[in-house]
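Here's a quick look at the pockets in this structure, plus one helix pairing. Have the sequence and the model open as you read.

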Amino acid sequence: MKVKIQLFGVLGLKLPEFASPEGVEIELPDDSTAGGLLEYLKIPETWGPAVSMDSRLLKYEDPVRDGDEIRVFQAVHGG
Amino acid sequence: MNFIRVNMNDKTVEIEGMPDEYIGTGGRGLTSIMINNEVPADCDPLGPDNKLIFSIGMFCGTSMFNSSRVSIGAKSPLTGGIKEANVGGTAGAAIGRLAIAAIIVDGKADEGDLSILKLDLEGNAELIDAGEYKGLRTYELVENLHAKFGEKNAVLCIGPAGEYKMKSASIQGSDVDKHPCRAAGRGGLGAVMGAKGLKAVIIPQGGKKAAPVIDKDTFSEASKAFANLVKANPFEGELLPAFGTSALVAPVNSMGAFPSYNATKGEFEGWQKISGEALANTIKERNGQTGHVGCSQCIIRCSNVYNDKDGNYVSSAVEYETIWSMGGMTGIDDLDTIARLDFLCDDIGLDTMNTGVAIAVAMDAGYKEFGDKEAAIEIMEEIAKGSDIGKVFGNGPVEVGKHFNNARVAAVKNQSIAAYDPRGMIGNGITFATSTMGADHTSGNMVALYLGQILDPLKKDGQIEGSRENQIFCAAADSMGLCLFAMYSVATPEAKEMFTKLVNARLGSNWEVDDFRNLGIRILKAEKDFNKKAGLTKNDDRLPEFFYKEPLPPHNVVFPFTEEEIDSTYNF
């Protein structure tokens, strides 16, 4: 399946091949999850990634579906 | 460490040793406990019985990194309760290096009489006439003060809004570049300073009386280890230097919790134009600066310098909460305008959040169209002039709501919320409702718990407990003199042990890990006690009605907590 991803914060600087303001389309196995997407992108948990789709944050075990538009951030504190 | 007590009634200054009862406090701990002890809770916040207290945090004046925050406390003319707002820049470290723990300003000068409090390198202080600076905006004021008294002075000051005693008036602090662009913004403390007749406090940098550290070797070792911990964290070590707090624009919009168009939507259509990424790119194109050091001894570098198209300075730092209040809330999707409004707030001496929300409430009432950039700037100039309509705006969103007959005012205890909608991040709603400070994101922000998958921002489970613990943590953290970003690293058991070791090395005390939390509880209890004496009740711990009745797109949900649930937050 194909999903479109947008990377924000330092992720876009670290992974320039996936960084585009309009998003980048990638191909994943059909049963992929948010955690699987992070593995595909080689984003380790130590970077504090957060994944959102349709204005909701996904848990790592949540599935992603063909055609989804997904945003990936790093955890941020407010201050 | 000493206290400087200033009486504006008779213009006297006295210096005394720090009383034992305040040792082990600092910053917000000291201001709040002292206000509860010494200020009559029923006093007029703008009258002679209120006290304006500047207190450095526990680590200010030491070699500890990021330790330049000074807390400013008083009874608030905005909330009617206790208030603490803290500010970075250069003042906290400078005051600490004069071995001064707090400056307590009491009494009130005659109407129209204006003074400056000038400290010297010996830790003495004198009041000098400030008549020549009357009405000056903060940038011109600080430039004049540096020309007259030398550039190696930190300055805390008010602008016209403070002199007018407006309820959104801030106290501005100078940064390392000598710009008065750091703000103790919330609660109208600038009005208290103006009412006392104090235009500025001048503090020489380079004092040699460093705050005492009892066990220097342990302190040095633990502070280095703590610095390494902060630098290794992807948030403090990478994200903040690259984007500052504006990195929040993308995730909060993507959670549907960015209050937009006066909190009628949770995602702002133009957010990608004002995001952290857009800001960083614009700054880079114009030879501005990200990763800017705004505060003394800073190793995180969350600040930025925003330039115009010709490369000229506009403002520093353009931050998330201002991008929201002047952008999302007003429907303005233009960084140049937001940066200009940020500068005007600093220059006039205004809280960017209260002011942006005030403009949004008026736009929502039809006074101007959402997104009207020129109108927003014109309103700022009306505030600076002190015109009739300017006074309405300068007194904050609740007064604007009354003036324009608009009940949709996102404020608690008269203070505007910050950039997290209580319907999209319901734990932040609990903090806004119950904080002793009025709606305040720095009192217990939950956003990291959501992004870290610890809590679901839309489900009730764990929110009240999370807000409670966050509020306790922030009260203690605000007493240390380090910025919250550094303090957020004190999260793991190992980091808590390390931080406890630092406190003990500084004070020669026997703190255990739980004593940090105990300090937070002690502070919140003092604040709650003061507010109760001042007449605030649990009915003041409520969000505005529209958060319960108007579903917020895109989730189309309302704030879900009952009054009983809200009231359980302070069960400790």
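Which residues lie nearest the centre of the second largest pocket? They are A:Leu13, B:Phe243, B:Glu277, B:Ala278 and B:Asn281, out of 23 that line this pocket.

A few ground rules. This is a predicted model, where local features need pLDDT of at least 70 and side-chain atom pairs count only at pLDDT 80 or more, while totals for chains, interfaces and linings use all residues. Residues are numbered from 1 along each chain as its sequence is written, chains are lettered from A and ligands numbered from 1 in the order written, and side-chain values use heavy atoms, leaving out hydrogens and water.

A pocket here is an open set of points on a 1 Å grid over the protein atoms alone, where a 1.4 Å probe fits, with protein on both sides within 12 Å along at least five of seven lines; lining residues have an atom within 4 Å of a point. Volume is the space filled by probe spheres set on the points, which are joined across faces, edges and corners.

| Pocket | Volume |
|---|---|
| Largest | about 1,100 Å³ |
| Second largest | about 500 Å³ |

In the largest pocket, A:His77 and B:Tyr488 are among the closest to the centre. Its lining has 23 nonpolar, 13 polar and 6 charged residues (Ala, Val, Leu, Ile, Met, Phe, Trp, Tyr, Cys and Pro are nonpolar; Asp, Glu, Lys and Arg charged; the others, Gly among them, polar). For the second largest pocket, the split is 11 nonpolar, 10 polar and 2 charged. Helix α9(B) gives the largest share of that lining, 6 residues (helices are DSSP runs of H or I, at least four residues, numbered from the N terminus).

Key:
Helices (H or I, at least four residues) and strands (E, at least two) are DSSP runs, numbered from the N terminus.
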